[in-house]
Amino acid sequence: MAPEAVTRITESLFAQVAQHAAASPRRRKNHNLHQESDLVQRFLNVLQPGTYVRPHRHRRDQAGAGFECFVVLQGSVGLLVLNSAGDVLQRERLEAGGEVRGLQLAEGLFHTLVALEADSVMFEIKQGPYEPLADKDFLAAFPLEGTLKAMEQERLWRALFNGEHGDETGPTPEQSKSPHTSGPST
């Protein structure tokens, strides 16, 4: 099927995808604007509080192609940048009506996302084509999606953005270690 010449991104589309995300066990849903074979992936990612995004990074054969760009169109999303030991290096709150609405991550940065409001909608751009078995390099120290430990981890990360652990510009010295519950200690 050929793509449409003009694709509209509307409030009703947000609501439709948010409804699917809320009904999904994963608590999130993508709406692709691209074909899997496209060289640039463009999609809406709708997240609900409670979704667990296992920390990962993107790498591509071509240098610099593992970037990822996020812009929040509705709601609020927390983004954590981690080192290879799972320690939180940077914390960013992205809000549709806030000062920081989006950001671009360089290739190779481990990161995770946390839904801070219901029906949060992000527009994402990254290099394609999509290859499911090679798209993400996961941090092995973190639990698999769908486990009780993953649910606990998501709650701990969300608490970092809800004022329970200091300001939101970055981790304080006592926060520099990720509160993950599995994996090797550093």
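**Exercise 1. Determine what share of the protein chain is buried, and describe its surface and contacts.**

Solution. Step 1: of the 186 residues of the protein chain, 44% count as buried. Buried stands for under 20% relative accessible area, exposed for over 50%, and partly exposed for what lies in between (1.4 Å probe, protein chains only). The model is predicted: local features need pLDDT of at least 70 and side-chain atom pairs count only at pLDDT 80 or more, while totals for chains, interfaces and linings use all residues. Residues are numbered from 1 along each chain as its sequence is written, and side-chain values use heavy atoms, with hydrogens and water left out.

Step 2: the accessible surface of the protein chain comes to about 9900 Å², and 52% of that area belongs to carbon and sulfur atoms. Such areas come from the Shrake-Rupley method with a 1.4 Å probe; for residues, only the protein chains shown count as cover.

Step 3: among contacts between residues at least 6 apart in sequence, 74% join residues at least 24 apart. A contact means heavy atoms within 4.5 Å.

**Exercise 2. State how many helices and strands the protein chain has, and in what order the elements run.**

Solution. Step 1: the protein chain has 2 helices and 10 strands. Both are DSSP runs numbered from the N terminus: helices are H or I with at least four residues, strands are E with at least two.

Step 2: read from the N terminus, the order of elements is α-β-β-β-β-β-β-β-β-β-β-α.

**Exercise 3. Describe the open sheet of 5 strands and the helix that lies across β1, β2, β4 and β9.**

Solution. Step 1: the strand order in this open sheet is β1-β2-β9-β4-β7, and the pairing is antiparallel. Two strands pair if DSSP finds at least two bridges between them.

Step 2: β1 (28–32) and β7 (102–105) each have a single partner strand and stand at the edges, so one side of each lacks a neighbour in the sheet. From one strand to the next, the twist averages 20°.

Step 3: 5 bridges pair β1 with strand β2 (residues 40–47) in the antiparallel sense. Lysine 29 has valine 46 in β2 as its bridge partner.

Step 4: β4 and β7 run antiparallel and are joined by 4 bridges. Here glutamate 68 stands opposite leucine 105 in β7.

Step 5: in a regular strand, side chains alternate between the two faces of the sheet. Along β7, Leu103 and Leu105 point to one face and are buried, whereas Gly102 and Gln104 point to the other and are not.

Step 6: helix α1 (residues 11–23) lies across β1, β2, β4 and β9 (120–127), and runs at about 140° to β1. Axes are lines fitted to C-alpha atoms, for helices over the stretch in contact, and angles run from 0 to 180 degrees between N-to-C directions.

**Exercise 4. Identify which residues make the nonpolar surface patch of about 210 Å².**

Solution. Step 1: the patch is made by Ile9, Val71 and Leu73. Patches consist of residues with over 30% relative accessible area and no salt bridge; like charges are joined within 9 Å, and nonpolar side chains (Val, Leu, Ile, Met, Phe, Trp, Tyr) within 5 Å.

Step 2: valine 71 belongs to strand β4 (residues 68–74). Its relative accessibility of 31% makes valine 71 partly exposed.

**Exercise 5. State how many salt bridges the structure holds, and examine some of them.**

Solution. Step 1: the structure holds 6 salt bridges. A salt bridge is a side-chain nitrogen of Lys or Arg within 4 Å of a carboxyl oxygen of Asp or Glu.

Step 2: one of them joins aspartate 137 to arginine 57, with the closest N and O atoms 2.6 Å apart. Aspartate 137 lies in strand β10 (residues 137–138) and arginine 57 in strand β3 (residues 56–57), so the pair ties together parts 80 residues apart in sequence. Aspartate 137 is partly exposed, at 31% relative accessible area, whereas arginine 57 is buried, at 17%.

Step 3: arginine 158 forms a salt bridge with glutamate 154, and their closest N and O atoms are 2.7 Å apart. Because the two are 4 residues apart in helix α2 (residues 148–161), about one helical turn separates them. Arginine 158 is partly exposed at 23% relative accessible area, while glutamate 154 is buried at 3%.

Step 4: Arg26, Arg28 and Glu145 are joined into one network by salt bridges that share partners.
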